[in-house]
Amino acid sequence: MGMADSELDSIFPDTKRHRNPLVPIGAFVTAGVLTAGLISFKRGNSQLGQQLMRARVLAQGGTVVLMVGSAYYYGDSFKRDG
């Protein structure tokens with residue numbers, strides 16, 4: 001893992017790379033809801049499966065909003081800093 005980090009550091013300096021801890025959490029929530037929905041479909045509970053698929057879309061949309069929002073926020077702050 002150290003080698004990948006050093007390669008990323010050479011490509012993207014620390015001042016340009018930020019991490020939002022909510023994005024991985026959103027990704028795990030999306031994956032968990034997707035898994036639960038697929039299990040529901042497999043067990044024959046299509047009504048619960050449909051509700052979980054709708055919840056997955058909401059979780060996935062929230063994750064995308066977090067990604068875009070953090071990119072906009074950090075991108076805008078770099079433009080102000082110089």
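Is R54 buried or exposed? R54 is exposed, because its relative accessible area is 56%, over the 50% cut-off for that class. The model discussed here is predicted. The protein has three helices and zero strands, and its elements follow the pattern α-α-α along the sequence.

**Overall composition**
- The protein has 82 residues, of which 17% count as buried.
- About 6500 Å² of the protein is exposed, and carbon and sulfur atoms supply 65% of that area.
- Taking contacts between residues at least 6 apart in sequence, 49% join residues at least 24 apart.

**Annotated segments**
- The unreviewed UniProt entry places the feature "transmembrane region" at residues 22-41 and 53-74.
- In the model, residues 22-41 are 100% helix and 0% strand. The C-alpha atoms at the ends of residues 22-41 lie 28 Å apart.
- Residues 53-74 are likewise 100% helix and 0% strand, with 31 Å between the end C-alpha atoms.

**The loop between α1 and α2**
- P21 sits in the loop that links α1 (2-11) to α2.
- P21 counts as exposed because its relative accessibility is 57%, and the class begins over 50%.
- In sequence, P21 and L66 are separated by 45 residues. Their C-alpha atoms are 9.8 Å apart in space.

**Helix α2 and its surface patch**
- Helix α2 spans residues 22-43 and contains V29.
- V29 has a relative accessibility of 44% and therefore counts as partly exposed, a class that lies between the 20% and 50% limits.
- On the surface, V29 joins L22 and I25 in a nonpolar patch. Together, L22, I25 and V29 have about 270 Å² of accessible area.

**Helix α3 and R54**
- R54 belongs to helix α3, which covers residues 46-81.
- R54 and V33 are 21 residues apart in sequence, while the distance between their C-alpha atoms is 9.4 Å.
- The UniProt record gives 53-74 as one of the ranges for "transmembrane region", and R54 is exposed at 56% relative accessible area when the protein chains alone count as cover.

Note on methods: Residues are numbered from 1 along each chain as its sequence is written. This is a predicted model: local features need pLDDT of at least 70, side-chain atom pairs count only at pLDDT 80 or more; totals for chains, interfaces and linings use all residues. Side-chain values use heavy atoms; hydrogens and water are left out. Patches are made of residues with over 30% relative accessible area and no salt bridge: like charges are joined within 9 Å, nonpolar side chains (Val, Leu, Ile, Met, Phe, Trp, Tyr) within 5 Å. Accessible areas come from the Shrake-Rupley method with a 1.4 Å probe; for residues, only the protein chains shown count as cover. A salt bridge is a side-chain nitrogen of Lys or Arg within 4 Å of a carboxyl oxygen of Asp or Glu. Helices (H or I, at least four residues) and strands (E, at least two) are DSSP runs, numbered from the N terminus. Buried means under 20% relative accessible area, exposed over 50%, partly exposed in between (1.4 Å probe, protein chains only). UniProt positions are given in the numbering used here, feature names are shortened, and annotations may be inferred rather than shown by experiment. Contact means heavy atoms within 4.5 Å.
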